[in-house]
Amino acid sequence: MVETVEIPVEWREHVHPRRGGVAGPKVVLDEEAVSRARARERAARPIAQDMAEHERTPPELGKAVRAYLGGDPDPVGAAAVAAIVVRYVEGAGFSGESEAAPDILARWVTDHGLAFAACAMTEASAIELGPVPRPSVPDADGVIRVYAYSGEGPRGWRGEIRRPTAEDHFFSGRWLNADAVAKRLRTLVAAAPEEEYREVVARLAAHRGDPMRRRVASYLVPTETAWMDESLDDPSGPFLDHDHVALSLSSAAQARRVEHVWATPAVVGTLLDGLGADALPLLARIFRGGHRDDDRREVLLKALPRIPDQGVFPVLLDQMGEPGVPAALWEAAERFPALAVWALAPLVEEGTTRGLRAAGVVRELLYTRPDVAEALPAGLARALLPRAAVPDGRDLPGLPSVLAGRPGRSAKVDWADPELLPRILTRGGDRALPVNATMRLLGLLAAKSPEVADVREFCDRHSLAEFSWAVFERWYALGAPSRHNWALAQLGLIGDDTTVRRLSPLIRVWPGESATARANAAMDAIAAIGSDVAVTHLFELTRHGKYKGVKKRAAQKIEEIAAARSMSLDALADRAVPDFGLDPQGTLVLDYGPRRFTVTFDQQLAPLVVESNGKIRKSAPKPGPKDDPALAPAAHALFTGLKKDVRTIAVQEIRRLERAMVTRRSWTQEEFRALLVGHPLLGHIVRRLVWITDGGTAFRVAEDHTYADVDDDPCTPAPGARVAVAHPLLLGDDLDTWAELFADYEILQPFEQLGRPVHRLTGGEAAAHRLARVEGLVLPYGKAKGHSEGRWESVNADGEFVGRWLARRDPAGLYVVANLTPGLGYYMYGEGEEQEIEALWAGPAPATMPLKAVQLGEVDPVTMSEAIHDLTRSATPNPH
């Protein structure tokens, strides 16, 4: 069953009617028009007789013309005479603009009936006058001669009456295209009594002899779907306009075979009339094709929201950046709320800009139309449902004065109706802010007022953050109007760590959607939240952001936060690792009611779920029918969020500790115990590494947070000693013993430490100024370029790129320098020339050749070992 579509009233006069569809304007045949047509036919009679007798006129066409002129109602003869009237009596030529054409139609219908007129029009599409065009060729003397006649030429000069051929480029039947002919006749056929309509169909069946006539017949009676199926198999041609093909469609299968139509009220209105909701795939293809004509795009934006099909919603969502689309999406949602909820709810959890807009629409529908909650697919978008009612706190003690009193009207906040947003609870969670107080809060948020701080202290932080996100969500679903950009900025005022988690993936994609300014504003909001989770996500953006602008902005925000906290970036990173609610042992209990699970972590900080019987799972089980209906879903959601957050920080924290090992970074014992050993998450990594003091005492951290030496005896670092990740070079002869101990305890390490290759300088190398063993090695271009953007650098003191060296700084400020030939390109990535190491030396600053070189033994041995390791691992010996 085809879903019907409500066609705009103003389009109805443009629709090409069909049997059983929208009725067209009543067609009144003018008797004067009939008289004019008869007069023109009389004038055409001698021309028609002459052309009918032409030697090249096919006998059947000549016979049909003579029959019609003799009074026999022959549709073929009538079609030929009509073509002669238009070409030679009226002189309309090939333009298709004919004043005589409507009169001819009136004459056919009045004098011979509707069925005759339909057959004659169909035949007229396949009538040509004159000789078949042929290429112009010169005569024997090389001259191309063109003959033209003024007035009446010799007998037979007009040529024959014939059917069109492949050589024809101008067609006599173009006059049929006009609405005053084709559409008027179709309107008459659609409105005819049933018996007359069936006669039209029956007689037309005998006049479908070629692609041209089949196409016209299909247009006149589009309900004969088999005819249109056959016509679509025909090769395309210029008979009727291309739009008439679309005007003839009657099924979804036929619409799939049409690639493009012009989006006019006539075409789109007729498609909706004939196909109903089945017109959507064709209209969606046109819409997605990026139609830039404002008028035609407006037609599509008027049509799509009227189609009762859930497929409309993703089509509009994907084009939300275009003018008029947000309004069309909301119109469609208001017309068909249940379809909107069903279509959009699965997109809500995507974590994409599309999902964000979908959430804004679904939330409003659930708040304004509670009945559509039944249309929600099972388990989807439940967080958007209105919460259970909580009493208004009209006389709340301690209500901040900034929330008291009647709110003023403001266009900046009127769109954010509190009735369509989650209620904000007080700290105790048992009362909700009244609507007036909520409106005043919206005003404070729009003004970015510092008085919002008082509200944060008074309200439940989670409900405040959910309200904040819903405001942002609604703004974005309305098309993110720039005049209300405060809806994004306010996330930084009352958002929380959940806000950060939701914003981060959007920041990654917005620059690719030409919304870099929005991504920057979102990073400002995350920085304003300023929590450890916020800092962690900013660090993640600096390391793995796709766009350089995003990385730069995130780094700027981190520096601002570090300055505000009076910390170095490394110190800030130490303190930016969230504990995720883990207990001091680094575990978390998931309470399902009758079942309880313990979360722990492996050597890569991947969370593991331990059942009561000791069985280990990689994920939390889904809540079952016997689990507590409130506790189990909350616990499952808690684990899902934990897994996502830990995945974000695990790699960066492991790499950060590895970087601390190779750069010789150290901590005071108090910092080490508070920030690393005692951290519920990082403690899992700390216990899998060997640590060393600046006095040379190596130890590991046991499960109970005590320290043990290489003999597994208790160990206490000397007072005031600093602690660092032990590089294997510093463990000397104890390295193998440490490796055996970790193997005995089955301790897996988060990165290569005890098994890391160690490169020590020989006595001769330590006294030398260049390291011969690496000179001559060849680095693939990609490896060398990667080093220049990693632990090595290729910039001078002014920060300018210099591709002739790779330099690595040791803790004392000396540089290990590898000079390269032919050198790296600043903008060149991927493939490039291999880089040969000309010299490896050390000095106070990098240069294109050894300059003020020092003995290699003066360089920190860990830095030198890592430099040799990097170069030998990524290079192959030079074959030359």
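**Buried cysteines, two open sheets and a few odd backbone angles**

Cysteine 119 sits at 0% relative accessibility and so counts as buried. Cysteine 459 gets the same verdict, because its relative accessibility is also 0%. This is a predicted model, and a search for disulfides in it comes back with a count of zero. For context, a disulfide is a covalent bond between the sulfur atoms of two cysteines.

Burial also shows up at the level of a whole helix. Helix 8 covers residues 211-220, and nine of its 10 residues are buried, so the rest of the structure largely encloses this helix. The buried set reads Met212, Arg213, Arg214, Arg215, Val216, Ala217, Ser218, Tyr219 and Leu220. Three arginines in a row, Arg213, Arg214 and Arg215, are thus among the buried residues of helix 8.

Arginine 409 makes a handy contrast. This residue lies in the loop between helix 18 (353-368) and helix 19 (435-446). With a relative accessible area of 77%, arginine 409 is exposed, since the cut-off for that label is over 50%. How far is arginine 409 from glutamate 334 in sequence and in space? The two are 75 residues apart along the sequence, and their C-alpha atoms are 26 Å apart.

Next come two helices that follow each other in the numbering. Helix 26 (residues 532-544) and helix 27 (residues 548-564) have axes that come within 8 Å and cross at roughly 145 degrees. The handedness of this crossing is left-handed. On the helix 26 side, the contact is made by Val535, Leu538, Phe539, Leu541, Thr542 and Arg543. These meet Val550, Lys551, Ala554, Ala555, Lys557, Ile558 and Ile561 from helix 27. Sorted by class, the contact holds nine nonpolar, one polar and three charged residues. As a general point on spacing, an α-helix has 3.6 residues a turn, so residues three or four places apart point the same way.

Now for the sheets. One of them is an open sheet of four strands in the order 3-4-5-6, with antiparallel pairing. Strand 3 (588-591) and strand 6 (616-617) are at the edges; each has a single partner strand, so one side of each lacks a neighbour in the sheet. Helix 29 (residues 631-663) packs on this sheet and touches strand 3, strand 4 and strand 5 (607-610), with its direction at about 145 degrees to that of strand 3. Strand 3 pairs with strand 4 (residues 596-601) in the antiparallel sense, over four bridges. Within that pairing, leucine 588 is opposite valine 599 of strand 4. The two strands form a hairpin with four residues between them, and glycine 593 in the turn has a positive phi of about 95 degrees.

Which residues of strand 3 are on its covered face, and which on its uncovered one? Leu588 and Leu590 are on the covered face, while Val589 and Asp591 are on the uncovered one. In a regular strand, side chains alternate between the two faces of the sheet.

Another open sheet has five strands, ordered 7-11-8-9-10 and paired in the antiparallel sense. Here the edges are strand 7 (666-667) and strand 10 (707-708), each with a single partner strand, so each is left with one side that has no neighbour in the sheet. Helix 32 (residues 735-744) packs on this sheet, touching strand 9 and strand 10, and its direction makes about 15 degrees with that of strand 9. Strand 9 (residues 698-701) pairs with strand 10 over two bridges, again antiparallel. Valine 701 is found opposite tyrosine 707 of strand 10.

A few backbone values are worth a look. Most residues other than glycine have a negative phi, and most peptide bonds are trans. Lysine 448, in the loop between helix 19 and helix 20 (452-458), goes the other way with a positive phi near 55 degrees. At 52% relative accessibility, lysine 448 counts as exposed. Alanine 480 also has a positive phi, about 50 degrees, although it is not a glycine. Its place is the loop between helix 21 (461-477) and helix 22 (486-489). Is alanine 480 buried or exposed? At 9% relative accessibility it counts as buried, because the label applies under 20%.

Finally, there is a cis peptide bond between threonine 821 and proline 822, with omega at about 5 degrees. Proline 822 belongs to the loop between strand 14 (815-821) and strand 15 (835-843).

Notes:
Residues are numbered from 1 along each chain as its sequence is written. This is a predicted model: local features need pLDDT of at least 70, side-chain atom pairs count only at pLDDT 80 or more; totals for chains, interfaces and linings use all residues. Side-chain values use heavy atoms; hydrogens and water are left out. Two strands pair if DSSP finds at least two bridges between them. Contact means heavy atoms within 4.5 Å. Axes are lines fitted to C-alpha atoms, for helices over the stretch in contact, and angles run from 0 to 180 degrees between N-to-C directions. A disulfide is a pair of cysteine sulfur atoms within 2.5 Å. Buried means under 20% relative accessible area, exposed over 50%, partly exposed in between (1.4 Å probe, protein chains only). A crossing is left-handed if the near helix is turned anticlockwise from the far one by less than a right angle, and right-handed if clockwise. Ala, Val, Leu, Ile, Met, Phe, Trp, Tyr, Cys and Pro count as nonpolar, Asp, Glu, Lys and Arg as charged, and the others, Gly among them, as polar.
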